[in-house]
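Hello,

Here is the structure I promised to hand over. Please have it open while you read, and my notes on what turned up in it follow below.

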Amino acid sequence: MDAMTLLHERSSMGKLMGPPPGPEQLDAIYRAALRAPDHKELRPWRFIEFSGEGLARLGELFAEAEFREDPEVSDAALDAVRKKPHRAPMIIAVVAKVTPDIPKVPKIEQVVSAGCAGHAILLAAHALGLGAMWRSGKYAFDPTVRKGLGLDEDDELIAFIYLGQLGGRHRPVPEHRLSDFVERWT
Ligand SMILES: Cc1cc2nc3c(=O)[nH]c(=O)nc-3n(C[C@H](O)[C@H](O)[C@H](O)COP(=O)(O)O)c2cc1C
């Protein structure tokens, strides 16, 4: 797939199956992520990869967060929360590892850089014929989850990227009218 086709046609895949990406595929995916633009080379990125028992541990963390938020939550609802990470054989959490008080590189730039790394993961996965979907959801912002994943105060958990083999067909890429988004000063 040539680069422009990839950029124009990448799309998300929510239906994902095993097996998880293999070591060579993951190597290619992370190398793509590490080419994210990065002001002052701060490398404000951290990736936490979950597969196998790791997905169950993540589900347990989500359930703990849910219980802390609502101690009256039913067992059935907690079970449903525990299962969420099992929608894919692998998840990569993308963390913006923010260094505060860097001259000329405010937090937003570091978070944007991590966002670019997340996009690169989606693009690389698509190029490799894998399926991927960026999810956040309330657990990405939950203090229990943040603590469980070892985030520092200034860090942001910007993505849970669900990854696996395609479990369905890609939706057609939507058509956009460029003039709705692009202004030209000439
Ligand atoms: C920061 C961010 C968070 C997102 N969180 C979710 C989410 O929690 N659940 C969800 O269904 N889609 C979420 N999405 C959107 C999907 O990843 C996806 O982009 C959307 O369904 C459109 O599909 P497409 O990527 O094929 O255009 C999120 C996207 C971004 C950029």
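Let me start at a turn in the chain: just after helix α5, G129 takes a positive phi of about 80°. Please keep in mind throughout that this is a predicted model.

Helix α5 itself covers residues 107–127. With 21 residues at 1.5 Å a residue, α5 should span 30 Å, and its end C-alpha atoms are indeed 30 Å apart, so the expected and the modelled span agree. One residue to look at in this helix is A124. Its relative accessibility is 13%, and because buried means under 20%, A124 counts as buried. A124 also sits 8.6 Å from Y30, C-alpha to C-alpha, although 94 residues separate the two in sequence.

Next, the ligand. Which residues surround it? They are R10, S11, S12, M133, W134, R135, S136, G137 and R171. By type, this shell divides into two nonpolar, four polar and three charged residues. Three of the contacts with oxygen atoms of the ligand are worth finding on your screen:

- R10: an N or O atom of its side chain is 2.9 Å from a ligand oxygen atom.
- S12: a polar side-chain atom lies 2.5 Å from a ligand oxygen atom.
- G137: here a backbone N or O atom is 3.3 Å from a ligand oxygen atom.

On its own, the ligand has 620 Å² of accessible area, and the protein covers 53% of that.

Now to the aromatic rings. A search of the whole structure gives three aromatic pairs. In one of them, F62 and Y139 have ring centres 4.6 Å apart and planes at 15°; planes under 30 degrees apart count as stacked, so this pair is stacked. The two residues come from distant parts of the chain, 77 residues apart: F62 belongs to helix α3 (residues 53–69), while Y139 is in the loop between β4 (131–135) and α6 (143–148). Are these two buried or exposed? F62 is buried, with a relative accessible area of 2%, and Y139 counts as buried at 8%.

F62 has another ring partner in F160, with centres 5.5 Å apart and planes at 75°. Planes over 60 degrees apart count as edge-to-face, so that is the label for F62 and F160. Because F62 lies in helix α3 and F160 in strand β5 (residues 156–166), the pair ties together parts that are 98 residues apart in sequence. F160 is buried, as is F62. Taken together, ring pairs link F62, Y139 and F160 into a cluster.

Finally, a few backbone details. Most residues other than glycine have a negative phi, and most peptide bonds are trans, so the following places deserve a look. G18 and P19 are joined by a cis peptide bond, with omega at about -5°. P19 is in the loop between β1 (16–17) and α2 (23–33). Further along, in the loop between α2 and β2 (45–51), you will find E41. E41 is not a glycine, yet its phi is positive, at about 50°. This residue E41 is exposed, with a relative accessible area of 56%. R43 is in the loop between α2 and β2, and its phi is near 50°, a positive value in a residue other than glycine.

Enjoy looking around!

Best wishes

Technical notes. Residues numbered from 1 in each chain as written. Predicted model: local features only at pLDDT ≥ 70, side-chain atom pairs only at ≥ 80, totals over all residues. Heavy atoms only, no water. Near = heavy atom within 4 Å. Polar contact = N/O pair within 3.5 Å; in protein donor to acceptor, adjacent residues only side chain to side chain. Areas by Shrake-Rupley, 256 points an atom, 1.4 Å probe, with all protein chains shown as cover. Nonpolar A, V, L, I, M, F, W, Y, C, P; charged D, E, K, R; others polar. Helix = DSSP H or I, 4+ residues; strand = E, 2+ residues; numbered from the N terminus. Expected span 1.5 Å × (residues − 1). Phe/Tyr/Trp six-rings, centres within 6.5 Å; stacked < 30°, edge-to-face > 60°. Buried < 20%, exposed > 50% of the residue type's maximum accessible area, 1.4 Å probe, protein only.
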